[in-house]
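Hi everyone, thanks for making time for this. Let me put the sequence and the structure up on the screen, and then we'll walk through them together.

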2 protein chains.
Amino acid sequence: MQIMVLRLGHRLPRDERMTTHVCLTARAFGASGAIYSGQKDNSLEGSVERIVGKWGGEFSMEYEGKPIQRIERMKREGWAVVHLTMYGMPLPEKGREIGKKGREIGKKGRVLVVVGAEKVPAEVYSLADFNVAVGSQPHSEIAALAVALDRLQGGKELERGFQSNFAGAEVTLEPSEKGKNIRKAY
Amino acid sequence: MQIMVLRLGHRLPRDERMTTHVCLTARAFGASGAIYSGQKDNSLEGSVERIVGKWGGEFSMEYEGKPIQRIERMKREGWAVVHLTMYGMPLPEKGREIGKKGREIGKKGRVLVVVGAEKVPAEVYSLADFNVAVGSQPHSEIAALAVALDRLQGGKELERGFQSNFAGAEVTLEPSEKGKNIRKAY
């Protein structure tokens with residue numbers, strides 16, 4: 001399954017850290033890239049790119065001025081669009097269907113996961129193939145994204161072997177019961 | 001299983017939104033309360049308490065000036081202490097053991113989940129019964145918390161029926177395929 005994450009409505013300075021965490025979560029949980037809309041933020045892009053350089057793997061980071069048109073285009077290209085919203089259907093009721101739809105329409109199984117910031121335009125709800133709730137309570141788009149990516153991939157992104165996805169890293173970690181076990185490539 | 005979340009090292013204004021999301025994630029994912037250390041923040045406490053008032057259920061919110069002593073005390077009281085850190089052991093390798101230890105030492109199964117902000121004191125690594133990594137990559141304490149709580153509870157916090165935990169709400173949501181279905185109690 002190929003996963004991309006679209007973060008809507010980035011606002012400066014309010015969302016600086018939130019959007020950084022959205023992008024880093026996307027990367028750590030196996031998405032191949034993040035797209036963000038709202039205000040263009042070179043500092044955000046730099047932060048994410050520095051992490052990718054240091055911690056390895058491939059991860060694209062891109063600004064999109066017209067997110068609705070981008071969602072429409074990705075749908076035409078065969079991406080299943082999953083909008084995470086607390087108003088949506090419970091994730092456990094939709095998880096299997098999302099995976100199936102991703103494979104059907106995308107052949108390789110391509111899923112675009114959309115997360116909002118403050119107010120999400122109504123078009124997103126109608127364009128989405130699935131409006132999915134990670135709990136029907138207010139909490140955090142970062143939490144929702146992490147759990148959705150975990151479920152979509154059956155948890156494989158948390159296993160030891162998944163670290164092989166982050167090739168070319170300057171720094172890698174060896175899991176440790178107590179303390180820190182860091183390896184540097186240089 | 002009873003779950004409490006301890007957020008270490010809250011800094012103003014840098015962590016305002018992050019810590020709010022940590023606490024709201026704790027609540028939405030079934031923790032019975034959050035404790036935070038670092039800088040005292042009345043605005044944070046007010047934000048969380050407003051959400052609890054509007055969206056229902058019981059959730060305690062408390063400031064702790066001496067988090068290390070608090071962890072020691074809770075250990076003595078029978079809480080299993082789980083520190084989430086990217087340096088720790090992969091969550092899938094420890095999940096079952098955590099649940100078991102929580103039940104053994106706490107009888108009712110009590111787990112204290114600790115999440116850091118910038119730099120976590122070394123004592124936390126040695127005091128923790130488990131240092132657990134939600135992926136061995138840098139991302140977000142909010143993401144780590146959400147996935148850990150999801151795994152510890154076997155996903156039940158995302159099911160429709162879990163909403164009954166949030167009694168006395170002014171507002172509840174009915175899951176919806178498209179759009180928003182909001183019910184107000186007044």
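Let me start with a small puzzle: in E2(A), which residue is the bridge partner of Val5(A)? Have a look while I set the scene. What you see is a predicted model, so please keep that in mind throughout.

Right, the puzzle. The partner of Val5(A) in E2(A) is Ala34(A). That pair belongs to a longer run of pairing, with 5 bridges joining E1(A) to strand E2, residues 33–38 of chain A, and the two strands running parallel.

Now zoom out to the whole sheet of chain A. We have an open sheet of 6 strands with parallel pairing, and the order is E3-E2-E1-E5-E4-E6. Strand E3 (60–63) and strand E6 (130–133) of chain A sit at the edges; each has a single partner strand, so one side of each has no neighbour in the sheet. On average, neighbouring strands here are turned by 30° against each other, ignoring direction.

What packs on this sheet? One of the helices is H3, residues 67–76 of chain A, which touches E1, E2, E3, strand E4 (80–90) and strand E5 (110–115) of chain A. The direction of H3 makes about 165° with that of E1(A). Helix H6 of chain A, residues 141–152, packs on the sheet as well, touching E1, E4 and E5 of chain A. For H6, the angle is about 165° with the direction of E5(A).

Before we leave chain A, please find the loop between strand E1 (2–10) and helix H1 (16–28), where Pro13(A) is located. The peptide bond from Leu12(A) to Pro13(A) is cis, with omega near -5°.

On to chain B. Its open sheet also has 6 strands, paired in parallel, in the order E3-E2-E1-E5-E4-E6. The edge strands of chain B are E3 (60–63) and E6 (130–133), each pairing on one side only. Strand E1 (residues 2–10) and strand E2 (residues 33–38) of chain B pair in the parallel sense over 5 bridges, and Val5(B) stands opposite Ala34(B) in E2(B).

There is a helix here that I haven't shown you yet: H2, residues 42–55 of chain B, lies across E1, E2 and E3 of chain B and runs at about 175° to E3(B). And for the proline fans, a cis peptide bond joins Leu12(B) and Pro13(B), with omega about -5°. Pro13(B) is placed in the loop between E1 and H1 of chain B.

Finally, how do the two chains meet? The contact takes 56 residues from chain B and 56 residues from chain A. Together the chains bury about 5,000 Å², with 57% of it on carbon and sulfur atoms.

How many salt bridges are there between chain B and chain A? The count is 8. One to click on is the pair of Arg160(A) and Glu93(B), whose side chains meet at 2.7 Å, N to O. There are also 26 residue pairs in polar contact across the interface.

On the side of chain B that touches chain A, the elements giving two or more residues are helix H1 (16–28), H2, E4, helix H4 (91–106), helix H5 (122–127) and helix H6 (141–152) of chain B. The residues on that side divide into 25 nonpolar, 14 polar and 17 charged.

That's my tour, so over to you for questions!

Note on methods: Residues numbered from 1 in each chain as written. Chains lettered and ligands numbered in written order. Predicted model: local features only at pLDDT ≥ 70, side-chain atom pairs only at ≥ 80, totals over all residues. Heavy atoms only, no water. Pairing = 2+ DSSP bridges. Helix = DSSP H or I, 4+ residues; strand = E, 2+ residues; numbered from the N terminus. Contact = heavy atoms within 4.5 Å. Axes fitted to C-alpha atoms, helices over the stretch in contact; angles between N-to-C directions. Buried area = accessible area lost by both parts, 1.4 Å probe. Salt bridge = Lys/Arg side-chain N within 4 Å of Asp/Glu carboxyl O. Polar contact = N/O pair within 3.5 Å; in protein donor to acceptor, adjacent residues only side chain to side chain. Nonpolar A, V, L, I, M, F, W, Y, C, P; charged D, E, K, R; others polar.
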